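Trainee: I have a structure open and would like to go through it with you. May I ask some short questions?
Mentor: Certainly; please show it first.

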Amino acid sequence: GLKLCGAGYRSSAGQIAVRKANCGPSTYNIYVKPANRCSPPTAIPGTSMHERGLAIDFELCTTRDTACYRWLAKHASAYGLTNLPSEPWHWSTTGG
């Protein structure tokens, strides 16, 4: 009875756009600034699990208190997914 939806694969151009939005538009912000200094944390282009098609951001998992997060925390491992601890919405094959 729980609807899970979100976004998975992201192209390199898409990752650059997300970095610009979350980290700032300068070349440093896009390609050098540590991911944890962005809000929310955002991987450097070329290092994102989304670019490899191995991660998904679930729309309804904004916090650990949501039904989405609680269900995934209990069942995601059966589907090969692990949560990135700093982002309740981000699940991937490695947790990264």
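Trainee: What share of the contacts in the chain with a separation of 6 or more comes from residues 24 or more positions apart?
Mentor: Such residues account for 47% of those contacts, where contact means heavy atoms within 4.5 Å. Please note that this is a predicted model, in which local features need pLDDT of at least 70, side-chain atom pairs count only at pLDDT 80 or more, and totals for chains, interfaces and linings use all residues. Residues are numbered from 1 along each chain as its sequence is written, and side-chain values use heavy atoms, with hydrogens and water left out.

Trainee: Which pattern does the chain follow along the sequence?
Mentor: The pattern is β-α-α-β-α-β-β, made up of three helices and four strands. Helices (H or I, at least four residues) and strands (E, at least two) are DSSP runs, numbered from the N terminus.

Trainee: How many disulfides are there?
Mentor: The count is two, taking a disulfide as a pair of cysteine sulfur atoms within 2.5 Å. A disulfide is a covalent bond between the sulfur atoms of two cysteines.

Trainee: Which cysteines are joined to cysteine 23 and cysteine 61?
Mentor: Cysteine 23 is bonded to cysteine 38, with an S to S distance of 2.0 Å. Cysteine 23 lies in helix H1 (residues 12-23) and cysteine 38 in the loop between H2 and S2, so this bond ties together parts 15 residues apart in sequence. Cysteine 61 pairs with cysteine 68, and their sulfur atoms are 1.8 Å apart.

Trainee: Is each link right-handed or left-handed?
Mentor: The torsion about the S-S bond of cysteine 23 and cysteine 38 is about 115°, so that disulfide is right-handed. The link of cysteine 61 and cysteine 68 has -75° and is left-handed.

Trainee: Is cysteine 61 buried or exposed?
Mentor: Cysteine 61 is buried, at 0% relative accessibility. Buried means under 20% relative accessible area, exposed over 50%, and partly exposed in between (1.4 Å probe, protein chains only). Its partner, cysteine 68, is also buried, at 3%.

Trainee: Why has cysteine 5 no bond to cysteine 68?
Mentor: The sulfur of cysteine 5 is 8.0 Å from that of cysteine 68, the closest cysteine sulfur, which is too far for a bond. Cysteine 5 is partly exposed, with a relative accessible area of 25%.

Trainee: A new topic: which peptide bond is cis?
Mentor: The bond from serine 39 to proline 40 is cis, with omega near -5°. Proline 40 is in the loop between helix H2 (27-31) and strand S2 (55-58).
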